[in-house]
Amino acid sequence: MHVQTFNFPSSLPDRYRSAPVDSVRILTDNNRVRAALHIFPFGQIFGSQVVSCAGIGGVKVSPEARGKGFGSILMKATLSELRCGGKAISTLYPTNPGIYRRMGYELAGKLTQFQIPLPAVPRVDEDVTVEPWDEKTLPDIVESYRGFARQSNGLLERPLHWWTERVLAHSERPVYKYLARRRGVITGYLIYVQEPEPGDLPYCFSIACRDLVWHDCQSARAMLAFAGSHRGLGKNLFWYAPAENPLALLLNQDVVRVRWSYPWMTRLVCVTEALQGRGYPQSLKAALELQVTDSVLPENDGPIRVEVCDGVARVTPVKNASARVDVGILSAMYTGWLPASDAVRLGRLENATSQEIATIEAMFAGPKPWLGEMF
């Protein structure tokens with residue numbers, strides 16, 4: 001069913017073939033499998049804090065059973081299980097946003113892959129060495145990634161098995177690993193494969209980064225120059241970055257292009273835990289009362305008070321609140337993707353005063369959320 005639904009070759013992708021049995025949820029009817037999905041536990045970073053998250057992937061319904069509600073039944077049961085299991089939020093890549101919107105998910109960020117022709121990458125001479133690394137260096141690479149990820153919103157806090165089974169896993173082609181070292185300190189790294197590319201010779205390729213992490217401009221330039229040293233047989237550099245892509249400021253903007261982009265959706269599984277789990281601006285001291293509506297997880301339904309001080313939030317129930325928001329739009333504001341003022345214009349944040357709108361936007365201020373990988 002998975003191969004048929006997603007039009008994969010006869011062999012499943014590694015992430016599904018090797019997935020633990022307890023990560024799979026199946027719905028049967030009359031002894032026939034009607035729907036299934038996979039759960040991927042990890043953390044997701046918001047406000048520099050790691051929030052407990054369940055990634056949902058590989059959602060499928062057998063073709064003959066579609067349109068009969070099996071997918072919704074399975075998703076509702078899964079969300080209830082995730083809440084009971086202590087997950088604060090859930091994130092997925094939708095094939096049909098409308099289906100997941102009815103489950104309380106909302107568009108909350110974007111995965112964007114950029115490209116630049118390798119001949120356009122400038123040559124530089126920086127005080128940085130770029131050298132290969134191996135599994136012995138992995139702990140240092142993980143720390144480098146964590147420091148990078150906590151400056152953003154949306155990136156994953158990867159479990160160790162995620163690194164070995166996904167980021168560094170061999171595909172049909174070798175995975176190459178290089179790091180940037182400046183004054184003895186690791187200041188960035190590259191993980192990439194060489195994708196075949198049409199060209200004059202059958203050996204042409206493009207560098208497709210799984211990770212391109214950098215902590216200062218010298219190391220960013222050095223790694224870009226390293227990629228550019230593949231010009232000739234190498235044609236393009238592909239990498240994931242936030243929509244504003246600060247790395248593009250080191251390149252010629254007219255040749256940086258979006259190669260591919262896809263949205264992701266998030267929903268707050270436990271509103272209280274999600275709001276108390278993320279980070280907030282340290283200087284902000286504010287309070288807000290909201291009436292949250294959630295038709296799928298009624299435990300979230302009701303009025304709450306959110307008080308933010310010293311970068312953390314405290315959530316308590318109250319008797320009533322004038323401002324009203326559904327859990328999906330709250331999720332989109334929570335990640336920093338949707339400004340509260342736009343939620344008002346969409347008609348999905350109701351009865352909010354101008355002060356309450358400003359407070360929501362101040363609470364969830366920060367970099368626009370993005371992801372650099374799929375699951």
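Here is a short walk through the structure above, from the whole protein down to one residue. Keep in mind as you look around that this is a predicted model.

Let's begin with the overall build. The protein contains 11 helices and 18 strands. If you lay the C-alpha trace along its principal axes, it spans about 65 × 55 × 40 Å. How does the radius of gyration fit with a compact globule? For 375 residues, such a globule would have a value near 21 Å, and the protein has 22 Å, so the two agree.

Next, consider how the chain meets itself. Among contacts with a separation of 6 or more, 72% are between residues 24 or more positions apart. As for burial, 51% of the 375 residues count as buried.

Now for the outside. The accessible surface of the protein comes to about 17500 Å², and carbon and sulfur atoms make up 51% of that area. The protein also carries 41 positive and 37 negative charges, and the mean positions of these two sets are 4 Å apart.

Finally, zoom in on Gln 291, which you will find in strand S13, a stretch covering residues 286-293. Is Gln 291 buried or exposed? Its relative accessibility is 16%, and because buried means under 20%, Gln 291 counts as buried. Which residues does Gln 291 touch, leaving aside those up to four places away in sequence? Its partners are Asp 301, Gly 302 and Pro 303, together with Ala 321, Ala 323, Arg 324 and Val 325. Try selecting Gln 291 and these partners in the viewer to see how strand S13 meets them at this position.

Methods:
Residues numbered from 1 in each chain as written. Predicted model: local features only at pLDDT ≥ 70, side-chain atom pairs only at ≥ 80, totals over all residues. Heavy atoms only, no water. Helix = DSSP H or I, 4+ residues; strand = E, 2+ residues; numbered from the N terminus. Rg over C-alpha atoms; globule rule 2.2 N^0.38 Å. Buried < 20%, exposed > 50% of the residue type's maximum accessible area, 1.4 Å probe, protein only. Contact = heavy atoms within 4.5 Å. Areas by Shrake-Rupley, 256 points an atom, 1.4 Å probe, with all protein chains shown as cover. Lys, Arg positive; Asp, Glu negative; His and termini not counted. Charge placed at Lys NZ, Arg CZ, Asp CG, Glu CD.
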